[in-house]
Amino acid sequence: KRSRRAALAIRRALGSTPETAAFSEIDEQQDLVAALTELTPRQRAALVLTDVLGYSSGEAGRALGVSAGTVRGLASRARAILRLQTGDRT
């Protein structure tokens with residue numbers, strides 16, 4: 001159930017591109033989706049729930065069945081992996 005909810009959240013958050021989006025925006029979106037697929041399902045779910053959908057770590061933890069601290073750790077590791085993949089050193 002959790003993986004289905006996370007996958008649905010990702011599709012909802014990233015799958016809705018406005019028709020007027022420029023090609024560069026679409027390319028960036030596709031790059032982000034590709035980078036997200038490299039994360040573990042738990043990392044991806046934690047990142048999407050907190051950073052994309054704006055859930056607090058407590059809310060995300062309840063949705064995923066883990067503690068708020070675990071959500072923060074998963075999201076932090078996911079951000080670090082994405083930074084390495086995209087070459088962003090900030």
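**View 1. Helix 3 is followed by G54, a residue with positive phi.** The phi of G54 is near 80°. Helices here are DSSP runs of H or I with at least four residues, strands are runs of E with at least two, and both are numbered from the N terminus. This is a predicted model, in which local features need pLDDT of at least 70, side-chain atom pairs count only at pLDDT 80 or more, and totals for chains, interfaces and linings use all residues. Residues are numbered from 1 along each chain as its sequence is written, and side-chain values use heavy atoms, without hydrogens or water. Helix 4 is also followed by a glycine with positive phi: G65, near 75°.

**View 2. The whole chain is built from helices, with 0 strands.** The count is 5 helices. Read along the sequence, the pattern is α-α-α-α-α. The chain has 90 residues, and 29% of them count as buried. Buried means under 20% relative accessible area, exposed means over 50%, and partly exposed lies in between (1.4 Å probe, protein chains only). The accessible surface comes to about 6,000 Å², and carbon and sulfur atoms hold 53% of it. Such areas come from the Shrake-Rupley method with a 1.4 Å probe; for residues, only the protein chains shown count as cover. A contact means heavy atoms within 4.5 Å. Take the contacts between residues at least 6 apart in sequence: 52% of them join residues at least 24 apart.

**View 3. Three helices meet in the largest nonpolar core.** A nonpolar core is a set of buried Ala, Val, Leu, Ile, Met, Phe, Trp, Tyr and Cys residues joined through side-chain atoms within 4.5 Å. The largest one has 8 residues: A45, A46, L49, A60, L64, V71, L74 and A75. Helix 3 (41–52), helix 4 (57–64) and helix 5 (68–86) each supply at least two of them. Another core lies apart from this one. That core has 6 residues, among them A35, L39, A78 and L82. Back in the largest core, find L49. Beyond residues up to four places away in sequence, L49 touches G54, Y55, A60, A63 and L64.

**View 4. V71 is a buried residue of helix 5.** V71 counts as buried because its relative accessibility is 1%. Which residues does V71 touch, not counting those up to four places away in sequence? They are A46, T50, S57, A60, G61, L64 and V66. V71 and Q43 sit 28 residues apart in sequence, with 8.1 Å between their C-alpha atoms.

**View 5. Helix 4 has its buried residues on one face.** Four residues to find in helix 4 are S57, A60, G61 and L64, which are buried. Seen down the helix axis, the buried residues fall within an arc of 105°, so they line one face. The arc is that of the directions from the axis to the C-beta atoms. An α-helix has 3.6 residues a turn, so residues three or four places apart point the same way.

**View 6. T50 is one of the buried residues of helix 3.** The buried residues of this helix also include Q43, R44, A45, A46, L47, V48 and L49. T50 counts as buried because its relative accessibility is 16%. Leaving aside neighbours within four places in sequence, T50 is in contact with Y55, S56, S57, A60, V71, A75 and R79. The C-alpha atoms of T50 and G61 are separated by 9.7 Å, with the two residues 11 apart along the chain.

**View 7. R79 and D51 form a salt bridge.** A salt bridge is a side-chain nitrogen of Lys or Arg within 4 Å of a carboxyl oxygen of Asp or Glu. The structure holds 1. Its N to O distance is 2.8 Å. The pair links distant parts of the chain: R79 in helix 5 and D51 in helix 3, 28 residues apart. R79 is partly exposed at 31% relative accessibility. D51 is partly exposed too, at 41%.

**View 8. V52, L53 and Y55 make a nonpolar surface patch.** The patch covers about 240 Å². Patches are made of residues with over 30% relative accessible area and no salt bridge; like charges are joined within 9 Å, and nonpolar side chains (Val, Leu, Ile, Met, Phe, Trp, Tyr) within 5 Å. Y55 is in the loop between helix 3 and helix 4. Y55 counts as partly exposed because its relative accessibility is 36%.
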